[in-house]
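Please look through the model below at your own pace, with the sequence beside it. The paragraphs after it are meant to be read with both in view.

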Amino acid sequence: MIGLSFANLVVCNELVLVVHKDNPTDALSRSQLIDLYMGKYVAFPDGARAVPVDIEEDLETREKFYELLVGMSLARVNAYWSKVKFSGRARPPTQQKDEKAILNFVTQTENAIAYVHQNSVTDDVKVVYRFTQ
């Protein structure tokens with residue numbers, strides 16, 4: 001680990017939420033993210049329909065995201081979505097295989113919003129939320 005301290009590793013692995021670089025939204029609050037990811041609200045502040053994205057294959061990252069966002073285990077989140085889907089009120093976030101697929105989807109979908117590790121962020125996306133530890 002040449003030149004990296006523990007603090008740097010924590011920042012590199014920090015989860016952030018990103019949108020397409022041309023999305024007019026510059027920042028979102030935690031409560032807005034909860035509403036988007038838990039199906040309570042389906043649009044960005046400007047009224048454009050949001051497309052929340054979950055990571056499909058990295059369950060550890062997905063678990064960490066929901067723990068940070070809503071303080072719930074992935075099992076509880078999945079149970080919540082089972083009830084919500086059954087009621088027909090909302091649909092769960094779309095899924096992409098891994099961070100590479102997520103970033104590709106966000107760069108091609110102006111209304112997408114997704115969580116990725118800070119060290120994966122590219123110039124093609126814009127960070128709209130950072131979790132502070």
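The text that follows moves from the overall form to one strand, and then to some charged residues.

This is a predicted model, and the protein in it has five helices and five strands. Followed from the N terminus, its elements run α-β-α-β-α-α-β-α-β-β. The C-alpha atoms fill a box of roughly 50 × 35 × 25 Å along the principal axes, and the radius of gyration is 15 Å, which agrees with the value near 14 Å that a compact globule of 133 residues would have. Of the 133 residues, 39% count as buried, while the accessible surface comes to about 7,600 Å², of which 51% belongs to carbon and sulfur atoms. Among contacts between residues at least 6 apart in sequence, 69% join residues at least 24 apart.

A good place to look next is strand E4, residues 112-117, where six of the six residues are buried, so that the strand is largely enclosed by the rest of the structure. In a regular strand the side chains alternate between the two faces of the sheet. In E4, Ala-112, Ala-114 and Val-116 point one way, whereas Ile-113, Tyr-115 and His-117 point the other way, and all of them are buried. Strand E1, residues 15-20, runs antiparallel to E4 and is joined to it by five bridges, with Leu-15 standing opposite His-117. Strand E2, residues 51-55, pairs with E4 in the parallel sense over three bridges, and here Val-51 stands opposite Ala-112.

In the loop between helix H1 and E1 lies Glu-14, a residue that is buried yet has no salt bridge. The nearest side chain of opposite charge, that of Arg-130, is 4.6 Å away from Glu-14, and a salt bridge is counted here only within 4 Å. Leaving aside neighbours within four places in sequence, Glu-14 is in contact with Val-116 and His-117 of the strand just described, and also with Gln-118, Arg-130 and Phe-131.

Side chains of opposite charge can pair when their charged atoms come close. A search of the whole structure finds one salt bridge, in which the side chains of Lys-126 and Asp-26 meet at 3.0 Å, N to O. This pair links distant parts of the chain, 100 residues apart, since Lys-126 is in strand E5 and Asp-26 is in the loop between E1 and helix H2. The two partners also differ in their surroundings: Lys-126 is buried, with a relative accessible area of 18%, whereas Asp-26 counts as exposed at 55% relative accessibility.

Methods: Residues numbered from 1 in each chain as written. Predicted model: local features only at pLDDT ≥ 70, side-chain atom pairs only at ≥ 80, totals over all residues. Heavy atoms only, no water. Buried < 20%, exposed > 50% of the residue type's maximum accessible area, 1.4 Å probe, protein only. Helix = DSSP H or I, 4+ residues; strand = E, 2+ residues; numbered from the N terminus. Pairing = 2+ DSSP bridges. Lys, Arg positive; Asp, Glu negative; His and termini not counted. Contact = heavy atoms within 4.5 Å. Rg over C-alpha atoms; globule rule 2.2 N^0.38 Å. Areas by Shrake-Rupley, 256 points an atom, 1.4 Å probe, with all protein chains shown as cover.
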